[in-house]
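Look through the protein shown below before reading on. The text after it is a short report for a reader who has not met this structure.

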Amino acid sequence: MAALRRAAVLGSPIAHSLSPVLHRAAYEELGLTGWTYERFEVDEAALPGFFETLGPEWAGLSLTMPLKRAVIPLLDGISETAASVEAVNTVVLTPEGRRTGDNTDVPGMVAALREHGIDKVEAAAILGAGATASSALAALSRVCPGEIAVYVRSEARAAEMRQWAERLEVSVRIADWADAEQALHAPLVISTTPAGVTDGLARCVPERPTALFDVLYDPWPTVLAARWSAYGGAVVSGLDLLVHQAVLQVEQMTGRAPAPLDAMRKAGERALAAR
């Protein structure tokens, strides 16, 4: 019998997470019969205690909100990508106890865009300025040499995005959320907002939209994504992002590459259809 190796996703709330579906599909496809992947409800206060329970059988952790920044002090080191956005969504654990953090959201976004033929855009717009927006900004730093307009609701968020732009060395123009319909004319629009926030913008989709990356995957399609697609625009979904970042996690945690992207995507689609 193969030696047991464990991995899991942590966060709060966590019941909705598709990560177990994607990782387990990868293990099955790769023939990793001794591997398990679970989900645990863990908030910031409980995270240090959870880490104390980790034994040598643990190979890795996926982290969602609100743990992506809180985990950093508990690690032995983090990657350059994770440091650039001060967010870790992947922890690789060795049997000797070393804990290394990475961020696969950023390269996952880039890979999802490239899968849809978007390798470079001259300008872009981001809707929202929360935690995911900083990863979107980092991803755009790799594909957009021009100006990035960020539509925000508050001056506090605006200040944060200016700081991220300076850190990532990208050109950002901060715009008021009241003018968000202007964002829809950009060559690439990345929506990082919670469900329902962009529904009112759907009526403003131009007759010939370009490309929309909506980071949500449930519910899907969003009202904005449905209208965008109906008008013939390219749409990258949150499931695309989730699968691509999970592919990188599987490869890091198991040491097996390439991870089975198609099998993972199909498993995710089936799970969403069943909800």
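The report goes from overall form to the two sheets and then to the salt bridges.

This is a predicted model, in which local features need pLDDT of at least 70 and side-chain atom pairs count only at pLDDT 80 or more, while totals for chains, interfaces and linings use all residues. Residues are numbered from 1 along each chain as its sequence is written, and side-chain values use heavy atoms, with hydrogens and water left out.

## Overall form

The protein contains nine helices and twelve strands. Helices (H or I, at least four residues) and strands (E, at least two) are DSSP runs, numbered from the N terminus. The radius of gyration is 19 Å, close to the 19 Å that the globule rule gives for 275 residues, so the protein is as compact as a globular protein of that length. That radius is taken over C-alpha atoms, and the globule rule is 2.2 Å times the number of residues to the power 0.38. The C-alpha trace spans about 60 × 35 × 30 Å along its principal axes.

Of the 275 residues, 53% are buried. Buried means under 20% relative accessible area, exposed means over 50%, and partly exposed lies in between (1.4 Å probe, protein chains only). The accessible surface comes to about 12,400 Å², and carbon and sulfur atoms hold 50% of it. These areas come from the Shrake-Rupley method with a 1.4 Å probe; for residues, only the protein chains shown count as cover. Among contacts (heavy atoms within 4.5 Å) with a separation of 6 or more, 64% are between residues 24 or more positions apart.

## The mixed sheet

One open sheet has six strands in the order β2-β1-β3-β5-β6-β4, and its pairing is mixed. Two strands pair if DSSP finds at least two bridges between them. The edges are β2 (35-41) and β4 (77-78), each of which pairs on one side only.

Strand β5 (residues 90-93) can be followed to both of its neighbours. With β3 (residues 58-63), β5 pairs in the antiparallel sense over three bridges, and Val91 in β5 stands opposite Leu61. With β6 (residues 99-102), β5 is joined by four bridges, again antiparallel, and Val92 stands opposite Thr100 in β6. The side chains of β5 alternate: Thr90 and Val92 point one way, Val91 and Leu93 the other way, and all are buried. The hairpin of β5 and β6 has five residues between the strands, and Gly97 there takes a positive phi near 100°.

Helix α1 (residues 19-30) lies across β1 (5-11), β2 and β3, and runs at about 175° to β2. Axes are lines fitted to C-alpha atoms, for helices over the stretch in contact, and angles run from 0 to 180 degrees between N-to-C directions.

## The parallel sheet

A further open sheet of six strands has the order β9-β8-β7-β10-β11-β12, with parallel pairing. Strands β9 (172-176) and β12 (234-236) stand at the edges with a single partner strand each, so one side of each is left without a neighbour in the sheet. From one strand to the next the twist averages 20°.

At one edge, β11 (residues 211-214) pairs with β12 in the parallel sense over three bridges. The bridge partner of Leu212 in β12 is Val235. Helix α6 lies across β8 (148-152) and β9, and runs at about 170° to β9.

## Salt bridges

How many salt bridges does a search of the whole structure find? The search finds twelve, where a salt bridge is a side-chain nitrogen of Lys or Arg within 4 Å of a carboxyl oxygen of Asp or Glu. Three of them are listed here.

| Pair | Closest N and O atoms |
|---|---|
| Arg167 and Glu86 | 2.6 Å |
| Asp119 and Arg114 | 3.8 Å |
| Arg157 and Glu160 | 3.4 Å |

What does the bridge between Arg167 and Glu86 tie together? Arg167 lies in helix α6 (residues 155-168) and Glu86 in the loop between α3 (80-85) and β5, so the pair ties together parts that are 81 residues apart in sequence. Arg167 is partly exposed, at 44% relative accessible area, and Glu86 is partly exposed at 30%.

Arg157 and Glu160 both lie in helix α6, three residues apart, about one turn of the helix. Arg157 is partly exposed at 37%, as is Glu160 at 34%. Elsewhere, salt bridges that share partners join Arg6, Glu38 and Glu57 into one network.
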